[in-house]
Every structure is written in C-alpha cells, then in structure tokens.
Amino acid sequence: MPAMSEQERRPESDGRDFANAAWSVPSYILSGIILYGGGGWLLSRWTGVAVFTPIGVIVGVVLAIYLVYRKYGR
Amino acid sequence: MKALTVLAADEFKAPGLELFDLPPIIPGVTWFTKPVLLALLSSLVVIAFCWSAFANPKLVPRGIQNIGEVGYTFVRDQVARPFLGKDADRWMGLLLSLFFLVWIWNLMGVIPFLQFPVASHIAFPIVLAVSIYVLKIYLGMKHQGGLGYFKNMMFPPGLPKPIYVLLAPIEFLSNMIVAPFTHAVRLFANMFAGHIILAFFSAVGFWFLFEQLTPLGAPVGVVGVIMTIAMTGFEMFIQFLQAFLFALLAAMYIGGSLHAEH
C-alpha cells in the first residue's frame, strides 16, 4: 500500500470513507455478480460452454473488489 | 421431532406463510389489515413520543425528554455525523423519525397481543426505501448537476481509463438498483424470518405442553418455551439493529448525494 499523505486527509473524511466502503461492499459485489455472472450465463446459453457462467461470477466479484479497493482503499 | 409427532393423534404442523396472510379488520375494507393498523399506531407513538420529548424542552432535561435526548444523541453521533459530517444537524429530523419509526414497527413484533412486525410485509420497507431513493437522486442532481451526478457516480476519479468500461456498469447497477433493493429487503427479510422463528418455537412449546402432553414430548415443549424466551431477547436486539442500519444507510445515501466522493 502506498504511504498515505496525512496532511491531505482530514480524520473526519477518513472515517466517512471507511464507513462508506464498509457498507458499499455487499452492494458492489452483488452488482458485479449480477452483471458479469449474468453476462457469463448468457454466453453459456449461446455457446453451450457451461464454464462461462462461473468465470463470469468470479470476474464480477474480482472487479467489484477491485473497484472498492481503488475507490476507498488507498 | 418427526418421530415424536407421528405417535400423537394429530401431527405437529410448523407455522408458515399463513402467519402473514391476515384478514381485513373491518369486513369489506380489504386494505385495512393488522399491519396497516400497527403502522398507523406506530406513527402515532413516534409523533406522541417526539412531541412530549421535544415540544417544550427544558435546559435540564427531565422524564421523557431525557429518553428523547439519549435517542437523539445516539442517532446524531452514530448515524448522522459519520456520513453527513457538518450537514448532520440539518438531516436529524428525517433520520431521527426514520430510526424511531422503523424501531417501533419492529418492536410491534414482540409486544404481547400485537405481535406482528410491520416490516415483515415488504410493502412497508419498500415505501421507506423508495422515499429515500427519490430523495437521494433529487439531492444528487441538485448538488452535483443532472449529468454530473451520474458522471461522479459512474466515473470515480483515480482509476485507469480502460477499466471504466468494466466498472461503470457495476457502479450504476449498485447505486441505482441493488442498493435501494437491499435497503428494503434487508429490513423485510430480518423481520419476516424473526417472526417465523418466534412463531415456530412458541408453537412447539404450546403443542407439546398443552395440546399433546406426552412424557416424551414434554421436554421438547420445555425446549420450545426456553427457545421462545431466548429468541425473543435476540429478536429485540435484531429489531434495534435493523432500525439502526436502515437509518444509517439512509444517511449514507444522502451523504453520497450531497458530496461527490473525493
């Protein structure tokens, strides 16, 4: 993790970011699963290759966690 | 339990969805059912409570003003300030009413004879969640501009450009559909499940101790009664927690609309 610049961040906004991140995580992960898992499921239906569905779900979760990390984690 | 009940003349039947299917209180007036009555009653309780606590405040609080101020301080410090910062005081009216209303709704589930958590009918939490949702979008467009609101929401700064293609849809779905949906469903599902659990254990106790008292069944009935008492205590904790969470998420959505993140 890169060093946090203490001067730039007020403690109040730090706490708010943390609370926002904590409460946004479930919603983001669910959205990632629905979007990319759903996309994978559609691909599976069209191509007949079943493995696209679980790949889509995993991609969705990874992207959602990455999003939360980039938005709040640094 | 199955083996025990088979011995009995009549089988034990666990309570199910019929718990939530209540007839109209006045025949013919189909919309006026028990949850509607309890919701109206809850509103009256909250209005009466806030009136008596805050209408004529004393410098040194006494009686009901004391309780009101404890509740106010709790909502302000735990719900409003962490998410709204300096805007917290302006939103306390909404958040305090929301917290108390949902808490009283939930408490209806354990008050003897009333015993029905209002939010276990999903229409009630949906109305509150939709109200907050509309408010969230209105405030977002007012403070960040119609396009700016969606731009700030879907394209948070600080991400590598190509990644936006993948992440913007997640942001949109999360903020516009999943968040308000889970806001309502979280409260509904907790109250729905809690009511079924309480009904199940009290039905076990009642059945095995009163309706079909047998030497083998009696201990099961005792377990049912003990579990009813324990789960009622636990349920009261969940009721408070869910009211707190509902108000907390409302504060978070409002805070997110007032200021773009970063």
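Colleague: What share of the 74 residues in chain A is buried?
Modeller: In this predicted model, buried residues come to 28% of chain A. To be counted there, a residue needs 20 or more other C-beta atoms within 10 Å of its own.

Colleague: And which helices and strands does chain A have?
Modeller: Two helices and zero strands.

Colleague: Why is α3(B) called roughly parallel to α8(B)?
Modeller: Look at the angle: the two axes cross at roughly 25° and come within 8 Å. Angles under 35 degrees count as roughly parallel, so α3(B) and α8(B) get that label. As for handedness, α3(B) passes α8(B) in a right-handed crossing.

Colleague: What makes up the contact of α3(B) with α8(B), by residue class?
Modeller: Ten nonpolar residues, one polar and no charged. The α3(B) side includes B:Val75, B:Val79 and B:Phe83, while B:Leu248, B:Met252, B:Ile254 and B:Gly255 are among those on α8(B). Gly counts as polar, so B:Gly255 goes in the polar class.

Colleague: Now the two chains. How many residues does each put into the contact?
Modeller: Chain B gives 18 residues and chain A gives 19. On the chain B side, α3 (64-84), α7 (163-211) and α8 (217-258) each supply at least two.

Colleague: Which helix gives the most to the side of chain B that touches chain A?
Modeller: That's α7(B), with nine residues.

Colleague: And what is that side of chain B like by class?
Modeller: It has 13 nonpolar residues, four polar and one charged.

How values were computed: Residues are numbered from 1 along each chain as its sequence is written. Chains are lettered from A and ligands numbered from 1 in the order in which they are written. This is a predicted model: local features need pLDDT of at least 70, side-chain atom pairs count only at pLDDT 80 or more; totals for chains, interfaces and linings use all residues. Two residues are in contact if their C-beta atoms, placed from the backbone, lie within 7 Å. Helices (H or I, at least four residues) and strands (E, at least two) are DSSP runs, numbered from the N terminus. A residue is buried if 20 or more other C-beta atoms lie within 10 Å of its own, exposed if 12 or fewer, and partly exposed in between; C-beta atoms are placed from the backbone. Axes are lines fitted to C-alpha atoms, for helices over the stretch in contact, and angles run from 0 to 180 degrees between N-to-C directions. Angles under 35 degrees count as roughly parallel, over 145 as roughly antiparallel, 65 to 115 as roughly perpendicular and the rest as oblique. A crossing is left-handed if the near helix is turned anticlockwise from the far one by less than a right angle, and right-handed if clockwise.
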